[in-house]
Amino acid sequence: MEYTVQKLASLTGISSRTLRYYDEIGILKPARINSSGYRIYGQAEVDRLQQILFYRELEVSLDRIKEIVTDPAFDGAAALKEHREKLLEKKKQLEVLIANLDKTIASAEGKMKMSNKDKFEGFKKKMIEENEKKFGEEIRQKYGDDRVDQSNEKVMSMTQEQHNEVTALAETITVTLAEAFKTGDPGGELAQKAAELHKQWLSYYWTKYSKEAHAGLAQMYVDDERFTAYYDKVQPGTAKFLRDAIYIYTGIKK
């Protein structure tokens, strides 16, 4: 069966404008253009659109989706299985949050008592799952599954007081690092204070601290554009400055 833009839009709930945009950027080209100049989509295009929508639901960027679905080695069946696993993970995360909300409502209505630890369990799980999604592969390759799993367990056992402390500490690091960056000296007093605060921050997540691991993480801030973007969002060059400060703090050479 073949579809025009309007018919495919009606079938999928995607706007005609979006379909035309997908054509323009090369992520979903029509099978052909008919004699009247209309875009015509066949079954292969419908299947690809489904894949695209799955990836979008998982918050994958269009640029990345294009790389995936236009790769000659792309395996549609394998991708569907991967989508299913990711959606099940998302479902599990939502179920935890819903259960947490139900308990909170029951507690507010006096039907049960809820500890502070229980109140924040769902959010801690959500944070871990988001970190795994964004950085899990790289972190596990660098530090190993056991170390990452131990860190996740430490986060899950974190009390609300500890959560408040580490949140406040992260804000202090941001302010101190910004002031240190203005000096331009990663070996200066402010920069070294930022490095020390960063070590303290890591102690809330790591089960064991080492100078080598600290320096390695700092290097990742520079090597991985996602980390770099986080630190450089206010002032470009901050990630590299922090890396240099931590190298000096730990005594690890570049």
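A salt bridge is a side-chain nitrogen of Lys or Arg within 4 Å of a carboxyl oxygen of Asp or Glu. Keep that in mind, everyone. The model you see is a predicted one.

Let's start with charges. How many salt bridges does the structure hold? Seven.

Take E179 and K182. Their side chains meet in a salt bridge, at 3.2 Å from N to O. That distance is within 4 Å, so the pair passes the cut-off. Both residues sit in helix α8. They are three residues apart, about one turn of the helix. Buried or exposed? E179 is partly exposed, with a relative accessible area of 37%. K182 is exposed, at 64%.

Next, D23 and K29. These side chains also form a salt bridge, 2.8 Å from N to O. D23 is buried, at 8% relative accessible area. K29 counts as partly exposed, at 47%.

Then there is D244 with R243. Their salt bridge is 2.7 Å, N to O. D244 is buried, and R243 is buried too. Back to D23 and K29 for a moment: through shared partners, salt bridges join these two and R39 into one network.

Now rings. A search of the whole structure turns up six aromatic pairs. One of them is F181 with F241, in an edge-to-face arrangement. The centres are 5.5 Å apart, and the planes make an angle of 75°. Why edge-to-face? Planes over 60 degrees apart count that way.

Where do these two rings come from? F181 lies in helix α8, residues 160-183, and F241 in helix α12, residues 238-250. So the pair ties together parts that are 60 residues apart in sequence. F181 is partly exposed, with 22% relative accessibility. F241 is buried, at 7%.

There is also an aromatic cluster. Its members are Y221, F227, Y230 and Y231. And one charge meets a ring: K199 lies over the face of Y209, 4.8 Å from the ring centre.

Last topic: the nonpolar cores. The largest has 25 residues. Which of them touch the most other members? They are L177, Y205, W206, Y221, Y231 and L242. Six elements come up here. Helices α7 (145-156), α8, α9 (189-202), α10 (211-223), α11 (225-232) and α12 each give two or more residues to this core.

A second core stands separate from that one. This second core has 21 residues, including V5, Y41, L58 and L62.

To finish, look again at Y221 and Y231. They belong to the aromatic cluster, and they are also among the best-connected members of the largest core. Thanks, everyone.

Terms used: Residues numbered from 1 in each chain as written. Predicted model: local features only at pLDDT ≥ 70, side-chain atom pairs only at ≥ 80, totals over all residues. Heavy atoms only, no water. Phe/Tyr/Trp six-rings, centres within 6.5 Å; stacked < 30°, edge-to-face > 60°. Helix = DSSP H or I, 4+ residues; strand = E, 2+ residues; numbered from the N terminus. Buried < 20%, exposed > 50% of the residue type's maximum accessible area, 1.4 Å probe, protein only. Lys NZ or Arg CZ within 6 Å of the ring centre and 35° of its normal. Core = buried A, V, L, I, M, F, W, Y, C linked by side-chain atoms within 4.5 Å.
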